[in-house]
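Hi,

Here is the chain I said I would pass on to you. Have a look at it first, and then read my notes below.

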Amino acid sequence: MSVPELLPALKTLSRAEKLRGMQFLVQELAREEDVSPLQAGTTYHVWSPLNSHKAAQTLATLLEDEQKENHA
C-alpha cells in the first residue's frame, strides 16, 4: 500500500488508534536506525541548566537587550 492510499484510511482511525500507529512508526524508525528505545526503570543522565550560572547570565543579558530594543 502506498502513502497516498494509506492517508485516507489513517483519517478514519480513532485518536487512540492514531497514537498507536505513531508509536509503531517511531519504533520501526528507531529499529531501522539501530537506536535503542528507552527502558522502563533505567536511569538516564540528562544535562540540566541547574547551577549553570553562565547560561543564566547569557539569558538575562539577551532578555535585557530585547527589552531595550522594544522600548527604544
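Before the surface numbers, a quick word on the term: accessible area here comes from the Shrake-Rupley method with a 1.4 Å probe. With that in hand, the accessible surface of the chain is about 7,200 Å², and carbon and sulfur atoms account for 61% of it. Do keep in mind that this is a predicted model.

Now for the overall build. The chain has 3 helices and 0 strands, so to speak an α-α-α pattern when you read along the sequence. Its C-alpha trace spans about 55 × 40 × 25 Å along the principal axes. The radius of gyration is 22 Å, whereas a compact globule of 72 residues would come out near 11 Å.

How much of the chain is buried? Buried residues make up 0% of the 72 residues. Buried means under 20% relative accessible area, and partly exposed covers the range from there up to 50%. Leu-6 is a handy example: its relative accessibility is 35%, so Leu-6 counts as partly exposed.

Leu-6 sits in helix 1, which runs over residues 3-11. Leu-6 also belongs to a nonpolar patch on the surface, together with Met-1, Val-3, Leu-7 and Leu-10. Together these residues have about 500 Å² of accessible area.

Last, the charges. The chain carries 7 positive and 10 negative ones, and the mean positions of the two sets are 6 Å apart.

Cheers

Terms used:
Residues numbered from 1 in each chain as written. Predicted model: local features only at pLDDT ≥ 70, side-chain atom pairs only at ≥ 80, totals over all residues. Heavy atoms only, no water. Helix = DSSP H or I, 4+ residues; strand = E, 2+ residues; numbered from the N terminus. Rg over C-alpha atoms; globule rule 2.2 N^0.38 Å. Buried < 20%, exposed > 50% of the residue type's maximum accessible area, 1.4 Å probe, protein only. Lys, Arg positive; Asp, Glu negative; His and termini not counted. Charge placed at Lys NZ, Arg CZ, Asp CG, Glu CD. Patch = residues over 30% accessible without salt bridge, like charges linked within 9 Å, V, L, I, M, F, W, Y side chains within 5 Å. Salt bridge = Lys/Arg side-chain N within 4 Å of Asp/Glu carboxyl O.
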